[in-house]
2 protein chains.
Amino acid sequence: MVEIPATIKDIAKYTGLSIATISKYLNGGNVLEKNRILIEEAIKALDFEVNEIARGLRTNKTMTIGVLIPVFEVFFNTIVSSLENVLLETGYSVIVCDYRDNEKLEKERLDFLYKKRVDALVIVPTYLKGNDIRKIIKRDIPIVAVDRPIEDFECDTILVNNFEVSYKAVERLIILGHRKIGIICGPQNIYTAQERLNGYLKAHNDYGITVYKDYIKFGEYHNMESGYKSMIELLNNPEPPSAVFVTNYEMTLGAIIAINEKDIKVPDELSIIGFDNLEMAKIVKPSLSLVVQPMEEIGETVANLLLRRLKGEKNDFPLRKKLDAQVLIRSSIKNIG
Amino acid sequence: MVEIPATIKDIAKYTGLSIATISKYLNGGNVLEKNRILIEEAIKALDFEVNEIARGLRTNKTMTIGVLIPVFEVFFNTIVSSLENVLLETGYSVIVCDYRDNEKLEKERLDFLYKKRVDALVIVPTYLKGNDIRKIIKRDIPIVAVDRPIEDFECDTILVNNFEVSYKAVERLIILGHRKIGIICGPQNIYTAQERLNGYLKAHNDYGITVYKDYIKFGEYHNMESGYKSMIELLNNPEPPSAVFVTNYEMTLGAIIAINEKDIKVPDELSIIGFDNLEMAKIVKPSLSLVVQPMEEIGETVANLLLRRLKGEKNDFPLRKKLDAQVLIRSSIKNIG
DNA sequence: TTGTAAGCGTTATCAG
DNA sequence: CTGATAACGCTTACAA
């Protein structure tokens with residue numbers, strides 16, 4: 001059990017070649033056929049694996065990607081998982097840190113990752129601004145902002161079409177005749193929450209529908225109780241909305257529990273569009289209409305972009321891409337024209 | 001932006017001391033007061049941080065902990081997050097890999113982590129056996145099994161009292177007069193699922209209550225639809241149970257949706273005990289009785305154990321600890337004496 | 001194609 | 001207490 005890993009030196013000894021030749025082979029250089037065979041034999045026999053730590057010291061690479069997320073929640077987790085799936089294949093490992101929605105921790109953990117000399121960074125920022133980053137990051141490494149842009153900082157950014165998809169969802173309700181449409185939003189300091197609310201507002205504006213302040217509730221993304229409370233408030237309104245759009249998964253869960261508790265009939269008494277969890281939508285009756293974000297695709301997109309940047313491809317820098325979320329219509333909404 | 005990090009050499013130059021002295025200082029050795037001040041000044045001035053890669057090459061440490069989990073789900077995520085919280089403070093970083101409940105991937109990613117030369121491993125195993133580990137892990141590093149033991153392998157193991165807590169939950173229902181008690185279990189190849197079922201069986205046995213096969217349903221842990229379906233099956237039974245115990249969070253969610261859909265009155269028509277999500281329990285009406293696992297505590301326990309092992313403290317090896325989950329009684333269960 | 005040797009930033013040994 | 005020096009395992013000119 002206490003086996004010392006073989007080094008290039010051992011391979012050199014075994015084959016009678018120099019370590020330079022072995023190294024060259026390992027890095028894809030040309031070697032005589034017979035030496036190649038010999039080396040490969042040695043590698044097998046000695047169970048050799050390059051020491052990436054040592055290599056990293058020379059090449060100034062750690063083969064490590066730092067990922068900074070607000071919390072370990074299903075949306076981010078799914079992204080991280082698919083990101084990691086791509087990255088691991090190419091030998092990169094991923095260090096994920098959550099900052100628990102905490103401004104101080106957000107900077108500290110960014111600093112931590114930087115000090116760990118990660119080769120690149122993936123950031124889902126909340127409070128972080130360009131200046132914070134410039135203060136912490138001194139080496140020139142690829143940085144990708146995900147889900148939310150980083151204010152005052154030029155870098156690759158992968159977003160979702162929050163505004164557009166929110167517009168479409170609300171428009172759909174309008175077309176079905178709804179005029180009293182509630183929305184449960186996330187905190188307005190978060191980019192995605194702003195965008196989703198703006199889509200709601202724009203749709204109202206475009207169709208000449210009055211926006212009522214009482215129909216707009218603000219919850220918290222990572223707190224299903226806030227979705228529950230917001231929905232209760234909407235329902236307790238003297239003139240309750242005929243439709244409600246809930247703009248994130250955890251809040252949707254809470255909202256549904258509220259509806260059940262109040263024994264509201266969907267879609268007869270209330271139309272509802274939720275967010276982000278296909279599995280739940282499948283089993284809720286009547287089947288839940290949803291905005292679905294392409295989480296896997298986000299992860300893959302970020303990973304592939306990162307790999308290109310790590311290879312030095314900068315021609316399309318800074319890239320700003322919006323991936324499409326979809327409005328999935330099921331039976332939880334109804335025409336009340 | 002392209003600033004080259006300062007090295008010990010730079011500090012040596014700045015102070016006029018030798019790199020050996022600087023290194024000694026950095027590692028807590030004794031240095032003359034005036035030199036100490038000088039060095040500290042230099043460190044500040046040059047914004048120096050030790051290069052852990054280089055240090056790692058010498059010391060054979062990466063300051064990295066590998067964590068292998070089945071999937072990114074709330075239970076494991078919470079553990080990982082609290083584990084990481086402790087570990088980061090001491091300078092360790094954490095590489096988390098999920099294997100998506102896939103046997104092949106489970107071995108591959110263990111191998112990946114090992115090759116990354118992590119200083120220690122935290123494993124939540126599913127298919128992994130002692131032989132697999134022995135085949136992959138050659139160096140002598142601390143390994144901690146979490147939530148589930150590793151078959152045929154001697155290592156530290158941190159578990160939850162699944163059997164006991166399940167017994168207590170079911171016993172509670174029995175004491176309230178229930179004789180027809182349904183259970184929705186996880187897959188029987190998973191340790192925790194076996195234990196939870198066994199607790200159910202033992203309670204029945206101890207109280208001389210007949211166990212009906214039809215009241216035992218098997219779902220999947222990471223699939224809420226399986227909880228939904230299982231509950232529907234239980235309810236469709238010609239003689240449905242008067243109480244149901246659901247043994248994991250995702251399945252509990254599905255079960256609740258089924259109950260709502262069927263418009264079953266809780267606890268009048270059905271008593272129910274769920275699993276693992278306090279937040280949800282708070283907002284479901286009537287308030288949901290629950291088995292609550294100490295996820296944060298698990299993470300912290302594992303982290304602290306790991307830190308001790310990494311310091312070489314092996315006196316209590318192999319440690320096998322069971323942490324206490326609690327049965328939290330709320331209003332979703334009723335005496336039908 | 002292959003080998004020699006310097007160097008990446010540390011730590012550790014051993015004199016001084 | 002301090003400093004010179006040899007490692008750690010690898011890559012990379014440069015020379016052979």
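Okay, let's start with one lysine: if you skip the neighbours within four places in sequence, Lys116(A) is in contact with Thr62(A), and also with Glu52(B), Thr62(B), Met63(B), Gly91(B), Tyr92(B) and Ser93(B). Contact here means heavy atoms within 4.5 Å.

Quick housekeeping. What you see is a predicted model, where local features need pLDDT of at least 70, side-chain atom pairs count only at pLDDT 80 or more, and totals for chains, interfaces and linings use all residues. Residues are numbered from 1 along each chain as its sequence is written, chains are lettered from A and ligands numbered from 1 in the order in which they are written, and side-chain values use heavy atoms, with hydrogens and water left out.

Back to our lysine. Lys116(A) sits in the loop between helix 6 (103-115) and strand 3 (120-123) of chain A. Helices (H or I, at least four residues) and strands (E, at least two) are DSSP runs, numbered from the N terminus. So is Lys116(A) buried or exposed? Lys116(A) counts as buried, because its relative accessibility is 12%. The cut-offs are under 20% relative accessible area for buried, over 50% for exposed, and partly exposed in between, using a 1.4 Å probe and protein chains only.

Now the DNA, beginning with strand C. There are 26 residues around DNA strand C, and Lys24(A), Asn35(A), Arg58(A), Arg55(B) and Arg58(B) come nearest. A residue is near a molecule or strand if one of its heavy atoms lies within 4 Å of it. Which part of the DNA is within 4 Å of the protein? Sugar or phosphate makes up 66% of those atoms of DNA strand C, and the rest belong to bases.

Some polar contacts next, meaning pairs of N or O atoms within 3.5 Å; within protein, one must be able to donate a hydrogen and the other to accept it, and residues adjacent in sequence count only if both atoms are side-chain atoms. A polar backbone atom of Ile8(B) is 2.8 Å from a phosphate oxygen of DNA strand C. For Ser23(B), a side-chain N or O atom is 2.7 Å from a phosphate oxygen of that strand. Asn51(B) has a polar backbone atom 3.1 Å from a phosphate oxygen of DNA strand C. Helix 4 of chain B gives the most to this surface, with 4 residues.

On to DNA strand D, with 24 residues around it; Ile8(A), Arg55(A), Arg58(A), Asn30(B) and Asn35(B) come nearest. Here sugar and phosphate account for 67% of the strand D atoms that come within 4 Å of the protein. Asn51(A) places a backbone N or O atom 3.1 Å from a phosphate oxygen of DNA strand D. The bases are involved too: a polar backbone atom of Ala54(A) is 3.4 Å from a base nitrogen of DNA strand D, and an N or O atom in the side chain of Arg58(A) is 2.5 Å from a base oxygen of that strand. For strand D, the largest share of the surface, 4 residues, comes from helix 4 of chain A.

Next, helix 13 of chain A, residues 295-310. Its 16 residues reach 23 Å from first C-alpha to last, close to the 22 Å expected at 1.5 Å a residue; the expected span is 1.5 Å times one less than the number of residues. Its buried residues include Met295(A), Ile298(A), Val302(A) and Leu306(A). An α-helix has 3.6 residues a turn, so residues three or four places apart point the same way. The buried residues of helix 13 pack against several elements of chain A, among them strand 1 (64-69) and helix 5 (74-89). Just after this helix, Gly312(A) takes a positive phi of about 95 degrees.

Over in chain B, look at strand 10 (residues 289-292). Ser289(B) and Val291(B) are on one side, Leu290(B) and Val292(B) on the other, and all are buried. Strand 10 runs parallel to strand 9 (residues 271-275) of chain B, joined by 3 bridges; two strands pair if DSSP finds at least two bridges between them. Opposite Leu290(B) stands Gly274(B).

Last stop: Ser271(A), in strand 9 of chain A. Ser271(A) counts as buried because its relative accessibility is 0%. What does its side chain reach at 2.9 Å? The side chain of Ser271(A) reaches the backbone nitrogen of Lys334(A).
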